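User: I have this model open and would like a close look at one part of it. Could you pick a single strand, walk me through its surroundings, and then place it in the rest of the chain?

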Amino acid sequence: MIRLDALLCDCEHPTAPPSGTPTVEWELANETLLGDRGPLSPAERRAVVDQLADFGVETLRLSGSADLDAAAVDELVSRADDRGLETTLRPGGQRLDHARLESLSDAGLHRISVRVEGLSTPLQKHAAADDIDAALETLRAADDTELATELRFPLHADSVTHMEEIYDLAALLSADRFRLTHVPEPELDGERRRRAVQRIADLTRDAHERNNHIETVLSGGIDAGYVTEYARDNLDGECATDVREALRERLGAAPSPPVAKLGPAGRVYPGTFWDRYALGTVRDRPFGAIWTDDSNPLLERLRHEEAGLPDRCRSCQFGDVCSGGSRGRALTAHDDPFEPDPVCYVHEEPAVGGSAAESPAD
Ligand code: SF4
(Lines give C-alpha, C1' and ligand atoms only; values in the text may rest on other atoms or scores of the structure.)
Protein backbone atom coordinates (compact mmCIF):
# COMPACT_ATOMS: atom_id res chain seq x y z
CA MET A 1 0.00 0.00 0.00
CA ILE A 2 1.05 3.61 -0.50
CA ARG A 3 0.76 6.10 2.38
CA LEU A 4 -0.21 9.10 0.29
CA ASP A 5 -0.36 11.59 3.17
CA ALA A 6 3.11 10.68 4.45
CA LEU A 7 4.56 10.79 0.95
CA LEU A 8 3.07 14.04 -0.30
CA CYS A 9 2.95 15.99 2.96
CA ASP A 10 6.07 14.72 4.78
CA CYS A 11 8.01 13.43 1.74
CA GLU A 12 8.60 10.08 3.37
CA HIS A 13 7.08 6.62 3.31
CA PRO A 14 7.13 4.20 6.22
CA THR A 15 8.77 1.09 4.77
CA ALA A 16 7.41 -2.38 5.34
CA PRO A 17 8.60 -4.24 8.43
CA PRO A 18 11.80 -6.21 7.83
CA SER A 19 10.17 -9.60 8.44
CA GLY A 20 9.26 -9.80 4.75
CA THR A 21 6.14 -11.84 5.45
CA PRO A 22 2.88 -11.17 3.61
CA THR A 23 -0.28 -9.60 4.94
CA VAL A 24 -2.81 -12.41 5.25
CA GLU A 25 -6.41 -11.87 4.16
CA TRP A 26 -8.54 -14.60 5.64
CA GLU A 27 -12.03 -15.11 4.19
CA LEU A 28 -13.85 -16.97 6.93
CA ALA A 29 -16.87 -17.56 4.69
CA ASN A 30 -17.02 -17.61 0.91
CA GLU A 31 -19.12 -20.14 -1.01
CA THR A 32 -16.93 -19.98 -4.12
CA LEU A 33 -13.72 -20.64 -2.24
CA LEU A 34 -15.33 -23.27 -0.03
CA GLY A 35 -16.74 -25.38 -2.87
CA ASP A 36 -17.62 -28.82 -1.59
CA ARG A 37 -15.03 -28.75 1.21
CA GLY A 38 -15.91 -28.34 4.86
CA PRO A 39 -14.97 -25.08 6.61
CA LEU A 40 -12.14 -25.07 9.14
CA SER A 41 -13.25 -26.09 12.62
CA PRO A 42 -12.60 -23.80 15.62
CA ALA A 43 -9.58 -25.94 16.59
CA GLU A 44 -8.23 -25.77 13.03
CA ARG A 45 -8.68 -21.99 12.98
CA ARG A 46 -6.69 -21.68 16.22
CA ALA A 47 -3.96 -23.85 14.72
CA VAL A 48 -3.87 -21.63 11.61
CA VAL A 49 -3.33 -18.53 13.76
CA ASP A 50 -0.39 -20.32 15.38
CA GLN A 51 0.99 -21.25 11.96
CA LEU A 52 0.81 -17.64 10.81
CA ALA A 53 2.46 -16.38 13.97
CA ASP A 54 5.19 -19.05 13.79
CA PHE A 55 5.95 -17.92 10.25
CA GLY A 56 6.25 -14.30 11.38
CA VAL A 57 3.08 -12.89 9.81
CA GLU A 58 2.31 -9.57 11.47
CA THR A 59 -0.86 -8.36 9.80
CA LEU A 60 -4.14 -10.26 9.50
CA ARG A 61 -7.36 -9.13 7.85
CA LEU A 62 -10.54 -11.06 8.57
CA SER A 63 -13.67 -10.99 6.43
CA GLY A 64 -16.81 -13.12 6.25
CA SER A 65 -17.20 -13.01 10.02
CA ALA A 66 -21.00 -12.63 9.80
CA ASP A 67 -21.28 -16.39 9.24
CA LEU A 68 -19.56 -17.16 12.56
CA ASP A 69 -21.06 -16.52 15.95
CA ALA A 70 -19.67 -13.59 17.90
CA ALA A 71 -17.90 -15.79 20.47
CA ALA A 72 -16.02 -17.65 17.72
CA VAL A 73 -14.86 -14.37 16.15
CA ASP A 74 -13.77 -13.02 19.53
CA GLU A 75 -11.84 -16.22 20.21
CA LEU A 76 -10.04 -15.95 16.87
CA VAL A 77 -9.20 -12.28 17.39
CA SER A 78 -8.01 -12.97 20.91
CA ARG A 79 -5.76 -15.83 19.76
CA ALA A 80 -4.27 -13.60 17.06
CA ASP A 81 -3.67 -10.83 19.57
CA ASP A 82 -2.01 -13.25 22.02
CA ARG A 83 0.30 -14.39 19.22
CA GLY A 84 1.24 -10.83 18.28
CA LEU A 85 -0.76 -10.40 15.07
CA GLU A 86 -2.33 -7.02 14.35
CA THR A 87 -5.85 -7.83 13.21
CA THR A 88 -8.32 -5.86 11.12
CA LEU A 89 -11.94 -6.93 10.76
CA ARG A 90 -13.84 -6.21 7.53
CA PRO A 91 -17.47 -6.83 8.45
CA GLY A 92 -18.93 -6.62 4.92
CA GLY A 93 -22.60 -5.67 5.04
CA GLN A 94 -22.85 -6.53 8.74
CA ARG A 95 -23.92 -3.71 11.06
CA LEU A 96 -21.89 -3.74 14.29
CA ASP A 97 -23.16 -1.72 17.23
CA HIS A 98 -21.12 -0.06 19.95
CA ALA A 99 -21.37 -2.99 22.38
CA ARG A 100 -20.19 -5.47 19.75
CA LEU A 101 -17.28 -3.24 18.78
CA GLU A 102 -16.28 -2.85 22.43
CA SER A 103 -16.28 -6.63 22.77
CA LEU A 104 -14.03 -6.98 19.71
CA SER A 105 -11.75 -4.30 21.03
CA ASP A 106 -11.52 -6.09 24.39
CA ALA A 107 -10.65 -9.30 22.54
CA GLY A 108 -7.68 -7.54 20.95
CA LEU A 109 -8.95 -6.32 17.58
CA HIS A 110 -6.82 -3.48 16.23
CA ARG A 111 -8.90 -1.99 13.42
CA ILE A 112 -12.40 -2.08 11.94
CA SER A 113 -12.53 -1.45 8.18
CA VAL A 114 -15.79 -0.73 6.36
CA ARG A 115 -16.38 -0.57 2.62
CA VAL A 116 -18.47 2.25 1.18
CA GLU A 117 -19.18 1.75 -2.52
CA GLY A 118 -20.87 5.11 -3.08
CA LEU A 119 -23.37 7.46 -1.57
CA SER A 120 -26.57 5.88 -0.42
CA THR A 121 -29.32 7.17 -2.73
CA PRO A 122 -32.99 6.27 -3.28
CA LEU A 123 -32.07 5.04 -6.78
CA GLN A 124 -29.80 2.30 -5.49
CA LYS A 125 -30.94 -1.25 -5.04
CA HIS A 126 -31.90 -1.98 -1.43
CA ALA A 127 -29.02 -4.36 -0.73
CA ALA A 128 -26.39 -1.81 -1.82
CA ALA A 129 -28.00 1.04 0.11
CA ASP A 130 -28.36 -1.18 3.21
CA ASP A 131 -24.68 -2.15 3.04
CA ILE A 132 -23.62 1.49 2.81
CA ASP A 133 -25.85 2.48 5.73
CA ALA A 134 -24.53 -0.46 7.78
CA ALA A 135 -20.93 0.55 7.02
CA LEU A 136 -21.45 4.16 8.05
CA GLU A 137 -23.34 3.23 11.21
CA THR A 138 -20.55 0.83 12.18
CA LEU A 139 -17.99 3.55 11.63
CA ARG A 140 -20.02 5.96 13.74
CA ALA A 141 -20.39 3.37 16.52
CA ALA A 142 -16.62 2.80 16.56
CA ASP A 143 -15.88 6.46 17.19
CA ASP A 144 -15.58 6.28 20.97
CA THR A 145 -13.96 2.85 21.17
CA GLU A 146 -10.25 2.08 21.22
CA LEU A 147 -10.44 0.66 17.69
CA ALA A 148 -8.60 2.24 14.79
CA THR A 149 -10.97 2.78 11.86
CA GLU A 150 -10.76 2.69 8.08
CA LEU A 151 -13.17 3.55 5.28
CA ARG A 152 -12.47 1.75 1.98
CA PHE A 153 -13.73 3.24 -1.25
CA PRO A 154 -13.42 1.09 -4.38
CA LEU A 155 -13.46 3.11 -7.59
CA HIS A 156 -16.50 2.26 -9.73
CA ALA A 157 -17.70 3.95 -12.89
CA ASP A 158 -21.08 4.84 -11.40
CA SER A 159 -19.73 6.18 -8.08
CA VAL A 160 -16.37 7.72 -8.91
CA THR A 161 -18.03 11.16 -8.68
CA HIS A 162 -18.99 10.42 -5.07
CA MET A 163 -15.36 10.09 -3.99
CA GLU A 164 -14.90 13.63 -2.70
CA GLU A 165 -18.05 13.54 -0.57
CA ILE A 166 -17.11 10.14 0.83
CA TYR A 167 -13.63 11.38 1.68
CA ASP A 168 -15.24 14.28 3.57
CA LEU A 169 -17.63 11.84 5.22
CA ALA A 170 -14.70 9.72 6.42
CA ALA A 171 -13.17 12.80 8.05
CA LEU A 172 -16.54 13.84 9.51
CA LEU A 173 -16.97 10.40 11.09
CA SER A 174 -13.41 10.62 12.48
CA ALA A 175 -12.13 7.68 10.46
CA ASP A 176 -8.40 7.25 10.99
CA ARG A 177 -7.81 6.13 7.44
CA PHE A 178 -9.33 6.49 3.96
CA ARG A 179 -8.31 3.76 1.53
CA LEU A 180 -8.83 3.98 -2.23
CA THR A 181 -8.87 0.68 -4.09
CA HIS A 182 -9.00 -0.36 -7.73
CA VAL A 183 -11.18 -3.18 -8.99
CA PRO A 184 -11.26 -4.40 -12.59
CA GLU A 185 -14.11 -2.60 -14.34
CA PRO A 186 -14.04 -2.02 -18.11
CA GLU A 187 -16.51 0.89 -17.85
CA LEU A 188 -14.01 2.93 -15.84
CA ASP A 189 -11.31 4.09 -18.22
CA GLY A 190 -7.73 5.00 -17.34
CA GLU A 191 -8.28 8.73 -17.67
CA ARG A 192 -11.02 8.74 -15.05
CA ARG A 193 -8.89 6.63 -12.70
CA ARG A 194 -6.04 9.06 -13.18
CA ARG A 195 -8.25 12.08 -12.43
CA ALA A 196 -9.62 10.35 -9.32
CA VAL A 197 -6.14 9.67 -7.93
CA GLN A 198 -5.08 13.22 -8.79
CA ARG A 199 -8.11 14.52 -6.90
CA ILE A 200 -7.44 12.36 -3.85
CA ALA A 201 -3.84 13.60 -3.83
CA ASP A 202 -5.09 17.21 -3.90
CA LEU A 203 -7.60 16.49 -1.12
CA THR A 204 -4.90 14.84 0.98
CA ARG A 205 -2.66 17.88 0.79
CA ASP A 206 -5.58 20.24 1.48
CA ALA A 207 -6.59 18.20 4.54
CA HIS A 208 -3.02 18.28 5.83
CA GLU A 209 -2.88 22.05 5.46
CA ARG A 210 -6.10 22.31 7.46
CA ASN A 211 -4.55 20.12 10.18
CA ASN A 212 -6.92 17.27 9.45
CA HIS A 213 -4.51 14.35 9.56
CA ILE A 214 -6.60 11.55 8.13
CA GLU A 215 -4.30 8.84 6.78
CA THR A 216 -4.86 8.42 3.04
CA VAL A 217 -3.85 5.12 1.55
CA LEU A 218 -3.75 3.73 -1.98
CA SER A 219 -4.00 -0.05 -2.11
CA GLY A 220 -1.28 -2.01 -3.86
CA GLY A 221 1.44 -0.47 -5.98
CA ILE A 222 -0.49 0.26 -9.17
CA ASP A 223 -0.65 3.98 -8.35
CA ALA A 224 3.08 4.35 -7.68
CA GLY A 225 3.89 5.50 -11.21
CA TYR A 226 1.26 8.22 -11.25
CA VAL A 227 2.19 9.37 -7.71
CA THR A 228 5.76 10.04 -8.88
CA GLU A 229 4.35 12.11 -11.76
CA TYR A 230 2.09 14.00 -9.38
CA ALA A 231 5.02 14.69 -7.03
CA ARG A 232 7.16 15.88 -9.94
CA ASP A 233 4.43 18.29 -11.11
CA ASN A 234 3.22 19.56 -7.72
CA LEU A 235 6.02 19.35 -5.15
CA ASP A 236 9.37 21.05 -4.99
CA GLY A 237 12.29 19.29 -6.66
CA GLU A 238 13.88 17.73 -3.59
CA CYS A 239 10.62 16.35 -2.28
CA ALA A 240 9.69 14.94 -5.71
CA THR A 241 13.00 13.07 -5.75
CA ASP A 242 12.39 11.83 -2.21
CA VAL A 243 8.94 10.53 -3.19
CA ARG A 244 10.36 8.41 -5.99
CA GLU A 245 13.14 7.15 -3.73
CA ALA A 246 10.65 6.31 -0.96
CA LEU A 247 8.45 4.39 -3.40
CA ARG A 248 11.50 2.53 -4.68
CA GLU A 249 12.37 1.55 -1.11
CA ARG A 250 8.77 0.51 -0.48
CA LEU A 251 8.93 -1.85 -3.42
CA GLY A 252 12.30 -3.23 -2.37
CA ALA A 253 11.05 -3.99 1.16
CA ALA A 254 7.76 -5.58 0.08
CA PRO A 255 7.40 -9.34 0.44
CA SER A 256 6.62 -11.25 -2.73
CA PRO A 257 3.73 -11.63 -3.22
CA PRO A 258 2.74 -8.99 -0.65
CA VAL A 259 -0.65 -10.51 0.20
CA ALA A 260 -1.68 -14.11 0.87
CA LYS A 261 -5.34 -15.06 0.79
CA LEU A 262 -6.63 -17.84 2.99
CA GLY A 263 -9.96 -19.44 2.15
CA PRO A 264 -12.57 -20.79 4.59
CA ALA A 265 -11.39 -24.37 4.07
CA GLY A 266 -7.74 -23.46 4.60
CA ARG A 267 -6.58 -23.13 1.00
CA VAL A 268 -3.83 -20.57 0.39
CA TYR A 269 -3.85 -18.26 -2.66
CA PRO A 270 -1.12 -15.84 -3.82
CA GLY A 271 -3.14 -12.63 -3.57
CA THR A 272 -6.38 -10.76 -3.07
CA PHE A 273 -8.16 -11.40 -6.35
CA TRP A 274 -7.25 -15.08 -6.66
CA ASP A 275 -9.98 -17.68 -6.35
CA ARG A 276 -8.28 -20.56 -8.16
CA TYR A 277 -4.78 -22.05 -8.38
CA ALA A 278 -4.44 -22.55 -4.64
CA LEU A 279 -0.84 -23.09 -3.57
CA GLY A 280 -1.86 -25.69 -1.00
CA THR A 281 -3.96 -26.11 2.10
CA VAL A 282 -3.06 -25.54 5.73
CA ARG A 283 -4.83 -28.83 6.47
CA ASP A 284 -1.93 -30.64 4.78
CA ARG A 285 1.09 -28.56 5.79
CA PRO A 286 1.80 -25.34 7.66
CA PHE A 287 1.28 -21.97 6.03
CA GLY A 288 5.02 -21.20 6.11
CA ALA A 289 5.87 -24.42 4.24
CA ILE A 290 3.31 -23.61 1.54
CA TRP A 291 4.48 -20.02 1.19
CA THR A 292 8.19 -20.87 0.93
CA ASP A 293 7.82 -23.89 -1.35
CA ASP A 294 10.31 -23.05 -4.11
CA SER A 295 9.19 -26.07 -6.11
CA ASN A 296 5.77 -24.50 -6.75
CA PRO A 297 5.94 -23.26 -10.36
CA LEU A 298 3.33 -20.53 -9.86
CA LEU A 299 5.10 -19.04 -6.86
CA GLU A 300 8.41 -19.37 -8.64
CA ARG A 301 7.10 -17.39 -11.60
CA LEU A 302 5.42 -14.75 -9.45
CA ARG A 303 8.67 -14.19 -7.56
CA HIS A 304 10.97 -14.06 -10.55
CA GLU A 305 8.67 -12.52 -13.02
CA GLU A 306 11.09 -10.47 -15.07
CA ALA A 307 10.20 -13.12 -17.63
CA GLY A 308 6.57 -13.34 -16.50
CA LEU A 309 5.75 -9.62 -16.56
CA PRO A 310 3.75 -8.36 -19.52
CA ASP A 311 5.79 -6.54 -22.20
CA ARG A 312 4.16 -3.25 -21.22
CA CYS A 313 5.61 -3.52 -17.69
CA ARG A 314 9.04 -4.67 -18.79
CA SER A 315 9.54 -1.47 -20.76
CA CYS A 316 7.67 0.81 -18.36
CA GLN A 317 9.28 4.01 -17.12
CA PHE A 318 7.86 3.28 -13.64
CA GLY A 319 9.31 -0.20 -13.27
CA ASP A 320 11.47 0.95 -10.35
CA VAL A 321 8.42 1.91 -8.24
CA CYS A 322 5.54 -0.23 -9.51
CA SER A 323 5.15 -3.91 -8.85
CA GLY A 324 3.82 -4.56 -12.34
CA GLY A 325 0.31 -4.21 -10.97
CA SER A 326 -1.80 -7.04 -9.68
CA ARG A 327 -1.43 -10.51 -11.18
CA GLY A 328 -4.74 -11.38 -9.50
CA ARG A 329 -6.58 -8.56 -11.30
CA ALA A 330 -4.98 -9.77 -14.54
CA LEU A 331 -6.27 -13.26 -13.84
CA THR A 332 -9.77 -11.90 -13.18
CA ALA A 333 -9.83 -9.84 -16.36
CA HIS A 334 -7.91 -12.01 -18.83
CA ASP A 335 -8.00 -15.50 -17.36
CA ASP A 336 -4.21 -15.32 -17.30
CA PRO A 337 -2.26 -13.86 -14.34
CA PHE A 338 0.65 -12.86 -16.56
CA GLU A 339 -1.35 -10.55 -18.80
CA PRO A 340 -1.37 -6.76 -18.05
CA ASP A 341 -3.18 -5.44 -15.00
CA PRO A 342 -6.47 -4.12 -16.43
CA VAL A 343 -6.56 -1.04 -14.19
CA CYS A 344 -3.11 0.33 -15.09
CA TYR A 345 -3.64 3.92 -16.19
CA VAL A 346 -0.18 5.39 -16.74
CA HIS A 347 0.63 7.00 -20.06
CA GLU A 348 2.95 4.76 -22.00
CA GLU A 349 6.44 6.12 -22.43
CA PRO A 350 9.50 3.88 -22.69
CA ALA A 351 11.72 3.33 -19.65
CA VAL A 352 14.77 5.53 -19.35
CA GLY A 353 17.87 3.42 -18.82
CA GLY A 354 16.59 -0.12 -18.50
CA SER A 355 13.74 -2.49 -17.96
CA ALA A 356 11.34 -2.82 -15.05
CA ALA A 357 12.84 -3.97 -11.78
CA GLU A 358 12.09 -7.50 -10.68
CA SER A 359 9.04 -6.90 -8.60
CA PRO A 360 6.39 -8.66 -6.62
CA ALA A 361 2.76 -8.89 -7.69
CA ASP A 362 -0.03 -7.37 -5.63
S1 SF4 B 1 2.80 -0.66 -17.09
FE2 SF4 B 1 3.15 -2.19 -15.51
S3 SF4 B 1 4.93 -1.45 -14.34
FE4 SF4 B 1 4.10 0.28 -15.52
S5 SF4 B 1 2.68 1.33 -14.15
FE6 SF4 B 1 1.47 -0.13 -15.36
S7 SF4 B 1 1.39 -2.00 -14.12
FE8 SF4 B 1 3.06 -0.71 -13.32
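Analyst: Happy to! Let's take strand 2 and begin with one of its neighbours: strand 2 runs parallel to strand 3 (residues 59-63), and 4 bridges join the two. One of the residue pairs here is Glu27 with Ser63, its bridge partner in strand 3. Please keep in mind that this is a predicted model.

On another side, strand 2 pairs with strand 9 (residues 259-262), again in the parallel sense and over 4 bridges. Two contacts across this pairing are easy to find on screen: Glu25 stands opposite Lys261, and Trp26 has Leu262 as its bridge partner in strand 9.

How well covered is strand 2 itself? Strand 2 spans residues 23-27, and 5 of its 5 residues are buried. In a regular strand, side chains alternate between the two faces of the sheet. Here neither face is left open: Thr23, Glu25 and Glu27 are buried on one side, and Val24 and Trp26 are buried on the other.

Stepping back, the sheet is an open one of 11 strands with mixed pairing, in the order 1-8-7-6-5-4-3-2-9-10-11. Its edges are strand 1 (2-3) and strand 11 (280-281), each of which pairs on one side only. Helix 8 (residues 190-209) packs on this sheet, where it touches strand 6 (148-155), strand 7 (177-182) and strand 8 (215-218). The direction of helix 8 makes about 170° with that of strand 7.

Now follow the chain out of strand 9, the partner of strand 2. Pro264 sits in the loop between strand 9 and strand 10 (267-269). With a relative accessibility of 4%, Pro264 falls under the 20% cut-off and so counts as buried. What does Pro264 touch, beyond its neighbours within four places in sequence? Its contacts are Glu27, Leu28, Ala29, Asn30, Leu33, Leu34, Pro39 and Leu40. Glu27, in that list, is also the strand 2 residue bridged to Ser63. Asn30 is 234 residues from Pro264 along the chain, yet their C-alpha atoms are separated by 6.6 Å.

On the way into strand 9, have a look at Pro257, in the loop between helix 10 (237-253) and strand 9. The peptide bond joining Ser256 and Pro257 is cis, with omega about -15°. Further along, the loop between strand 10 and strand 11 holds Tyr277. Tyr277 is not a glycine, but its phi is positive, about 55°. At 45% relative accessibility, Tyr277 counts as partly exposed.

For the wider setting, the chain has 14 helices and 11 strands. Its radius of gyration is 20 Å, close to the 21 Å that the globule rule gives for 362 residues, so the chain is as compact as a globular protein of that length. The C-alpha trace spans about 55 × 50 × 40 Å along its principal axes. Of the 362 residues, 53% are buried. Among contacts with a separation of 6 or more, 74% come from residues 24 or more positions apart; the contact of Pro264 with Asn30 joins residues 234 positions apart.

One last stop is the ligand, which is surrounded by Ile222, Arg312, Cys313, Cys316, Cys322, Gly324, Gly325, Cys344 and Val346. By class, this shell has 6 nonpolar, 2 polar and 1 charged residues.

Notes: Residues are numbered from 1 along each chain as its sequence is written. This is a predicted model: local features need pLDDT of at least 70, side-chain atom pairs count only at pLDDT 80 or more; totals for chains, interfaces and linings use all residues. Side-chain values use heavy atoms; hydrogens and water are left out. A residue is near a molecule or strand if one of its heavy atoms lies within 4 Å of it. Ala, Val, Leu, Ile, Met, Phe, Trp, Tyr, Cys and Pro count as nonpolar, Asp, Glu, Lys and Arg as charged, and the others, Gly among them, as polar. Buried means under 20% relative accessible area, exposed over 50%, partly exposed in between (1.4 Å probe, protein chains only). Two strands pair if DSSP finds at least two bridges between them. Contact means heavy atoms within 4.5 Å. Axes are lines fitted to C-alpha atoms, for helices over the stretch in contact, and angles run from 0 to 180 degrees between N-to-C directions. The radius of gyration is taken over C-alpha atoms; the globule rule is 2.2 Å times the number of residues to the power 0.38.
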